[in-house]
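Got the viewer open? Load the model, switch to cartoon view and follow along, one selection at a time.

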Amino acid sequence: AQRSKQISLKDIHQLQVDEETKHRMLRVLHLVSADGSVKKGLEANIEAWQGTRWGGVWRTLRWPVIGRIAGLVYDKWASQRYARLYQGNVGEEDLKS
């Protein structure tokens with residue numbers, strides 16, 4: 001039997017971190033595992049779903065060709081989301097890093 005994984009969500013806006021770190025974290029999803037390892041972006045999303053009945057479906061996004069395409073789609077989506085939500089809060093040059 002697979003053990004259910006607990007996920008604790010944190011509001012990045014409430015964390016006691018500098019603005020640069022906060023905006024870096026807002027660009028893509030971050031997941032910190034129980035062992036302290038950090039996953040970001042698509043891999044963090046895949047890992048977050050592993051404690052659900054949809055985990056197997058999400059794992060297919062790790063397959064070589066599908067994973068490459070899914071990674072590009074996620075990166076584009078995350079970039080557009082960040083620009084839409086935070087562009088007024090940071091300079092244009094900050095969006096490119």
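Start with the whole chain: of its 97 residues, 25% count as buried, where buried means under 20% relative accessible area, exposed over 50% and partly exposed in between, with a 1.4 Å probe and protein chains only. This is a predicted model, so local features need pLDDT of at least 70 and side-chain atom pairs count only at pLDDT 80 or more, while totals for chains, interfaces and linings use all residues. Residues are numbered from 1 along each chain as its sequence is written, and side-chain values use heavy atoms, with hydrogens and water left out.

Now colour by secondary structure. You should get 5 helices and 2 strands, in the order α-β-β-α-α-α-α; these are DSSP runs (H or I of at least four residues for helices, E of at least two for strands), numbered from the N terminus.

Next, select 41-48, which is helix 2. Is helix 2 largely enclosed or not? 6 of its 8 residues are buried, so the rest of the structure largely encloses it. Show Gly-41, Leu-42, Ala-44, Asn-45, Ile-46 and Glu-47 to see the buried ones. Their cover includes strand 1 (30-32), strand 2 (38-40), helix 3 (55-59) and helix 4, going by contacts, meaning heavy atoms within 4.5 Å.

On to helix 1 (19-27) against helix 4 (64-86): the axes are 9 Å apart and the angle is about 130°. Those axes are lines fitted to C-alpha atoms over the stretch in contact, with angles running from 0 to 180 degrees between N-to-C directions. The two helices are therefore oblique to each other (under 35 degrees is roughly parallel, over 145 roughly antiparallel, 65 to 115 roughly perpendicular, the rest oblique). Pick His-23, Leu-26 and Arg-27 on helix 1, then Ala-78, Arg-81, Tyr-82 and Tyr-86 on helix 4, and you have the residues that meet.

Finally, turn on the aromatic side chains. A search of the whole structure finds 3 aromatic pairs; rings of Phe, Tyr and Trp (its six-membered ring) pair if their centres lie within 6.5 Å, and planes under 30 degrees apart count as stacked, over 60 as edge-to-face and the rest as tilted. Zoom to Trp-49 and Trp-58: centres 5.2 Å apart, planes at 5°, so this pair is stacked. Trp-49 is partly exposed at 32% relative accessibility, and Trp-58 is partly exposed at 24%. Then hop to Tyr-82 and Tyr-86, with centres 5.3 Å apart and planes at 40°, so a tilted pair. Tyr-82 is buried at 2%, and Tyr-86 is buried at 10%.
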